[in-house]
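Biologist: Got a minute to go through this model with me? I have the sequence and the structure open.

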Amino acid sequence: MLARAERLHRQLFRPVGSSAQLPAWEPPVDMLETDNEVLVLVALPGVDIEKVEAVLDGGEHLVVAGMRTLPEELRTAVIHRLELPQGRFQRRVRLPRGRYDRVRRAACHGCLLITLEKAGAFRG
């Protein structure tokens with residue numbers, strides 16, 4: 001059971017990057033689509049959503065990046081367990097085909113919710 005949990009943790013929070021960019025971990029993502037929007041939910045507990053970068057890359061991908069660091073008051077504490085990854089994160093998600101007029105961001109229960117409004121011709 002422990003080995004299975006460790007494999008799952010490595011899958012969800014695996015390091016990404018190449019020699020050209022700094023190493024990063026990938027937060028888990030859910031993506032849902034309605035007739036009018038694409039909703040992307042990125043799990044980022046403990047991260048200030050205002051400091052997270054979320055950009056459309058060529059209209060085909062959403063790139064979410066930022067940093068998770070231990071709060072200052074915990075940096076001198078004795079750590080008994082540290083399962084939430086720290087440091088730089090980046091997640092690149094391929095979007096459904098289409099064009100998007102508006103992008104909205106909101107915090108939602110420890111997650112970043114990104115709402116991409118579909119352009120008129122691409123609405124269901």
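Modeller: Sure. One term before we start: a salt bridge here is a side-chain nitrogen of Lys or Arg within 4 Å of a carboxyl oxygen of Asp or Glu. Also keep in mind that this is a predicted model.

Biologist: Fine. How many salt bridges does the structure hold?

Modeller: Seven. One of them joins the side chains of Arg 104 and Glu 37, at 2.9 Å from N to O. Arg 104 lies in strand β8 (residues 100-108) and Glu 37 in strand β4, so this pair ties together parts 67 residues apart in sequence.

Biologist: Which other side chain meets Arg 104 in a salt bridge?

Modeller: That of Glu 117, at 3.6 Å, N to O. Glu 117 is in strand β9 and Arg 104 in strand β8, so here the tied parts are 13 residues apart in sequence. Glu 37, Arg 104 and Glu 117 are thus linked in a network of salt bridges.

Biologist: Is Glu 117 buried or exposed?

Modeller: Buried, at 17% relative accessibility. The cut-off for buried is under 20%. Arg 104 is partly exposed, with a relative accessible area of 30%.

Biologist: What about Arg 94? Which side chain does that one meet in a salt bridge?

Modeller: Glu 60, at 3.8 Å from N to O. Arg 94 sits in strand β7, and Glu 60 is in the loop between β5 (53-57) and β6. They are 34 residues apart, so to speak of distant parts of the chain being linked is fair. Arg 94 is exposed, with a relative accessible area of 55%. Glu 60 is partly exposed at 43%.

Biologist: Changing topic. Which residues touch the most other members of the largest nonpolar core?

Modeller: Leu 44, Val 52, Val 64, Phe 89, Leu 112 and Ile 114. The core has 16 residues. Strands β4 (37-43), β6 (61-68) and β9 (111-118) each supply at least two of them.

Biologist: Take Leu 112. What is in contact with it, leaving aside neighbours within four places in sequence?

Modeller: Val 40, Leu 41, Val 42, Leu 44, Ile 49, Val 52, Val 64, Arg 105 and Ala 106.

Biologist: And Thr 115? Where is that?

Modeller: In strand β9. Thr 115 is buried, with a relative accessible area of 7%. Not counting residues up to four places away in sequence, Thr 115 touches Glu 37, Val 38, Leu 39, Arg 102, Val 103 and Arg 104. Two of those names came up earlier: Glu 37 and Arg 104 meet in a salt bridge.

Biologist: How many aromatic pairs does the structure hold?

Modeller: One. The ring centres of Trp 25 and Phe 89 are 5.2 Å apart. Their planes are at 50°, so the pair is tilted. Trp 25 lies in strand β2 (residues 24-25) and Phe 89 in strand β7 (residues 87-94), so the pair ties together parts 64 residues apart in sequence.

Biologist: Are those two buried or exposed?

Modeller: Trp 25 is buried, and so is Phe 89.

Biologist: Last topic, the cysteines. How many disulfides does the count come to?

Modeller: Zero. Cys 108 is in no disulfide, and its nearest cysteine sulfur, that of Cys 111, is 6.5 Å away. The cut-off for a disulfide is sulfur atoms within 2.5 Å, so a 6.5 Å gap does not qualify.

Biologist: How accessible is Cys 108? And Cys 111?

Modeller: Cys 108 is partly exposed, with a relative accessible area of 28%. Cys 111 is buried, at 14%.

Terms used: Residues numbered from 1 in each chain as written. Predicted model: local features only at pLDDT ≥ 70, side-chain atom pairs only at ≥ 80, totals over all residues. Heavy atoms only, no water. Core = buried A, V, L, I, M, F, W, Y, C linked by side-chain atoms within 4.5 Å. Buried < 20%, exposed > 50% of the residue type's maximum accessible area, 1.4 Å probe, protein only. Helix = DSSP H or I, 4+ residues; strand = E, 2+ residues; numbered from the N terminus. Contact = heavy atoms within 4.5 Å. Phe/Tyr/Trp six-rings, centres within 6.5 Å; stacked < 30°, edge-to-face > 60°.
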